[in-house]
Amino acid sequence: MALDTAQGREPTPRVSDEAVDDDGFLRDLWYFGAVASELKPGEQLHRLILGEPVLIGRTHDGEAFAMRDICPHRGIILSTGRMVKKDGETTVECPYHGWRFRKDGSCAAIPSLTADQAEAMDLAKIRVRSYPVHESQGLIWIWFGADPEAAPDLDPPRLDLPEGARVKMVEREVFNCHVDHAVIGLMDPAHIPYIHRQWWWRTEKSVHEKAKKFGPVERGFSMLPHRPSSNSFAYKILGAKPETEIRFQLPGLRTEYIKVGNSFFTGFTAVTPTTADSTTITIVVYWKHPVFEILPNAILRKAITTFVRQDRDAVNAQQKGLAFDPKLMLIHDADVQAKWYYKLKQAWRTHRQSGQPFVNPVKPATLRWRS
Ligand code: FES
Ligand SMILES: [Fe+2]
């Protein structure tokens, strides 16, 4: 697919340049893997991330880990087996022939071997790829390095949350599109009055001109803290003078911070590539706000799912058009964030390939549009 620009202020990278020779996914970054509470001690789950099958597990002692979810013996999905605690150590047991693997991916046991056969073999040489994992703020992060052996050289992402903030709600949706279209769809202000037209958010009449200040943040950009638009009922119920900031960071992490006095509401959205044409959107919400303490969770959940399904339906419909490989446009200020996204991706690639420091291509700017 070709992406081109008309009247844009900056040159636009073409999606095709990066999609032709690879999957268009960035490596050497921490990706969102799971919400910590989804994984109890001794449990494991299966995820497809960047086209790779991943087993995310938690030892009986509570430590999260991740490994390639394929048995090196005969290829069955490991997470269809169970986790076993033996001699104080948790291992993943393959359901087919019972081989067991430690959290670092090394083989701990092959039950079919006789004692002398096992003695003569160095089992630990048999390995499943393991992924570095970090858990904080109720989130499990997984490092996807271009070199599977290299240790992470970046700190895991950290949300700007008060100490002790807890995950209050999680919603997940799958979009049938490449991660780039999912990201762009979520950061695009011009679609809001059309795709999200509803009385409590935007109506056609509420559309007006806006000017928002942006600036660079680590591996991304921020719609800098501001009073949110007065054209939405949803913000009005939060009470006096809410202040909001929206940050986007590679690889596909969007965090919306709303502060009202001492209260806060933070919506974190992880846009994670599942495969080349499927993307998982996970929305994790944190809050401390009197309105949300009394508001039935079902109402907020309904609002979130309504929004994200509207986006999902839009990009899924878009795929039907993209199947014909049309030329696309990024137009003026409303599409500058999308252009930044492509530039950030390119800058990240250049940095990792050249070894030169990462240069954030985003410069402070005020963007103006109608929405
Ligand atoms: S396929 Fe896993 S132990 Fe044989
Ligand atoms: Fe949207």
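This is a guided tour of a predicted model, going from a small sheet to a metal site and then to the spaces inside and around the protein.

**The three-stranded sheet**

Begin by selecting strands β2, β12 and β11, which in that order make up an open sheet of 3 strands with antiparallel pairing. The edges of this sheet are β2 (29–35) and β11 (133–136), each of which pairs on one side only. If you look across the sheet, the twist from one strand to the next averages 30 degrees.

Now keep β12 (residues 139–144) in view together with β11, to which it is joined by 4 bridges in the antiparallel sense. Two pairs are worth labelling here: H134 has W141 of β12 as its bridge partner, and V133 stands opposite I142 in β12. The two strands form a hairpin with 2 residues between them, and if you select Q137 in that hairpin you will find a residue with a positive phi near 55 degrees.

On the other side, β2 is joined to β12 by 6 bridges, again with the strands running antiparallel. To locate this pairing, select W30, whose bridge partner in β12 is W143.

Before leaving the sheet, show the side chains of β12. In a regular strand, side chains alternate between the two faces of the sheet. In β12, L139, W141 and W143 lie on one side and I140, I142 and F144 on the other, and all of these are buried, so that both faces of the strand are covered. Because 6 of the 6 residues of β12 are buried, this strand is largely enclosed by the rest of the structure.

**A hairpin elsewhere in the chain**

Next select strand β6 (residues 82–86) and strand β7 (residues 89–93), which pair in the antiparallel sense over 5 bridges. Within this pair, V84 stands opposite T91 of β7. The two strands form a hairpin with 2 residues between them, and D87, which sits in the turn, has a positive phi of about 50 degrees.

**The iron site**

Move on to ligand 2, the iron ion, and display H191, H196 and D311 around it. The ion is coordinated by NE2 of H191, NE2 of H196 and, twice, OD of D311, at 2.0 to 2.6 Å. Along the chain, these donors follow the spacing H-x4-H-x114-D. The arrangement of the 4 donor atoms is irregular, because the angles they subtend around the iron ion run from 54 to 152 degrees. Of the coordinating residues, H191 and H196 are both buried.

**Helix α3 and the second largest pocket**

From the iron site, turn to helix α3 (179–187), one of the elements that give two or more residues to the lining of the second largest pocket, together with α7 (297–322) and β20 (327–331). This pocket has a volume of about 370 Å³. Its lining consists of 18 residues, and those to select for the part nearest its centre are H181, I184, G185, D188 and Q318. Which element gives the largest share of the lining? Colouring by element will show that the share belongs to α7, with 5 residues.

Stay with α3 for a moment and show its side chains. V179, D180, H181, A182, V183, I184, G185, L186 and M187 are its buried residues. With 9 of the 9 residues of α3 buried, the helix is therefore largely enclosed by the rest of the structure.

**The cavity**

For the enclosed space, note that the count of cavities of 30 Å³ or more comes to 1. The largest cavity holds about 50 Å³ of space. To find the cavity, select G24, F25, L26, Y31, V179, P251, V271, P273, Y341 and K345, which line it. Two elements, β18 (263–275) and α8 (336–354), give two or more residues to this lining. Among the other lining residues are V179 and Y31; V179 is one of the buried residues of α3, whereas Y31 falls within the span of β2 (29–35).

**Last stop: F268**

Finish on strand β18, where F268 is found. Is F268 buried or exposed? F268 counts as buried, because its relative accessibility is 0%. For a last distance in the viewer, select the C-alpha atoms of F268 and F248, which are separated by 10.0 Å although the two residues are 20 residues apart along the chain.

Key. Residues numbered from 1 in each chain as written. Chains lettered and ligands numbered in written order. Predicted model: local features only at pLDDT ≥ 70, side-chain atom pairs only at ≥ 80, totals over all residues. Heavy atoms only, no water. Pairing = 2+ DSSP bridges. Axes fitted to C-alpha atoms, helices over the stretch in contact; angles between N-to-C directions. Donors = N, O, S within 2.8 Å, 3.2 Å for Na, K, Ca; no water. Tetrahedral: all angles 85-135°; square planar, octahedral: opposite > 155°, others 65-115°. Buried < 20%, exposed > 50% of the residue type's maximum accessible area, 1.4 Å probe, protein only. 1 Å grid on protein atoms, 1.4 Å probe; cavity = no way out; pocket = protein on both sides within 12 Å on 5 of 7 lines; lining within 4 Å. Points joined across faces, edges and corners; volume = space filled by probe spheres on them.
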